[in-house]
Amino acid sequence: MKMMQDERVMKAVMQMMNVPGKVQTFGNEQVEKLAKAMSLATEDEVKDLKRQIRRLEEEVTRLEKEKKQAQGKA
């Protein structure tokens, strides 16, 4: 119990708890650097592109409907 009251021990425990997150972040950064060096898309970039494609497809569908409605009125 006395050890847990020592500020140095608590600081070390807190740093140890942060290690997994730091390792994961470092690993992700290295993967991204490697992907860019090899001209590959990262998983996040692919997700963003898919999202953008879906929005554009929805926009095309909306515009086609508007065009049909305009032609029907003419």
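Colleague: In which helix does K22 lie?

Modeller: This is a predicted model, in which local features need pLDDT of at least 70 and side-chain atom pairs count only at pLDDT 80 or more, while totals for chains, interfaces and linings use all residues. Residues are numbered from 1 along each chain as its sequence is written, and side-chain values use heavy atoms, with hydrogens and water left out. Helices are DSSP runs of H or I with at least four residues, strands are runs of E with at least two, and both are numbered from the N terminus. On that basis, K22 lies in helix α2.

Colleague: What pattern of elements does the protein chain follow along the sequence?

Modeller: The protein chain has 3 helices and 0 strands. Read along the sequence, its pattern is therefore written with helix symbols: α-α-α.

Colleague: What radius of gyration does the protein chain have?

Modeller: The C-alpha atoms fill a box of roughly 85 × 35 × 10 Å along the principal axes. The radius of gyration is taken over C-alpha atoms, and the globule rule is 2.2 Å times the number of residues to the power 0.38. For 74 residues, a compact globule would have a value near 11 Å, but the protein chain has 26 Å.

Colleague: What percentage of the residues in the protein chain is buried?

Modeller: A residue is buried under 20% relative accessible area, exposed over 50% and partly exposed in between (1.4 Å probe, protein chains only). Of the 74 residues in the protein chain, the buried ones make up 3%.

Colleague: What share of the accessible surface belongs to carbon and sulfur atoms?

Modeller: Accessible areas come from the Shrake-Rupley method with a 1.4 Å probe, and for residues only the protein chains shown count as cover. The accessible surface of the protein chain comes to about 7400 Å². The share of carbon and sulfur atoms in that surface is 59%.

Colleague: Is T42 buried or exposed?

Modeller: T42 is found in the loop between α2 (7-37) and α3 (43-73). Not counting residues up to four places away in sequence, T42 touches E32 and A35, where contact means heavy atoms within 4.5 Å. Because its relative accessibility is 12%, T42 counts as buried.

Colleague: Which residue in the loop between α2 and α3 has a positive phi of about 55° although it is not a glycine?

Modeller: The residue in question has a relative accessible area of 68% and is therefore exposed. Its place is in the loop between α2 and α3, and the residue with this positive phi is S39.

Colleague: How far apart do the centres of the positive and negative side chains lie?

Modeller: Lys and Arg count as positive and Asp and Glu as negative, whereas His and the chain ends are not counted. The place of a charge is taken as NZ of Lys, CZ of Arg, CG of Asp or CD of Glu. The protein chain has 16 positive and 13 negative side chains, and the centres of the two sets are separated by 2 Å.

Colleague: With which residue does R8 form a salt bridge?

Modeller: Side chains of opposite charge can pair when their charged atoms come close. A salt bridge is a side-chain nitrogen of Lys or Arg within 4 Å of a carboxyl oxygen of Asp or Glu, and a search of the whole structure finds 5. R8 counts as exposed at 65% relative accessibility, while its partner is partly exposed with 23%. The closest N and O atoms are 3.0 Å apart, and the partner of R8 is D6.

Colleague: Which residues do salt bridges that share partners join into one network?

Modeller: E59 and R62 meet in a salt bridge (2.5 Å, N to O); they are 3 residues apart in helix α3 and so separated by about one helical turn. R62, which is partly exposed at 37% relative accessibility, also forms a salt bridge with E66, the closest N and O atoms being 2.3 Å apart. R62 and E66 are 4 residues apart in helix α3, about one turn of the helix. The network joined by shared partners consists of E59, R62 and E66.

Colleague: What distance separates the C-alpha atoms of K68 and R8?

Modeller: K68 lies in helix α3 and is exposed, with a relative accessible area of 62%. K68 and R8 are 60 residues apart along the chain, and their C-alpha atoms are separated by 72 Å.
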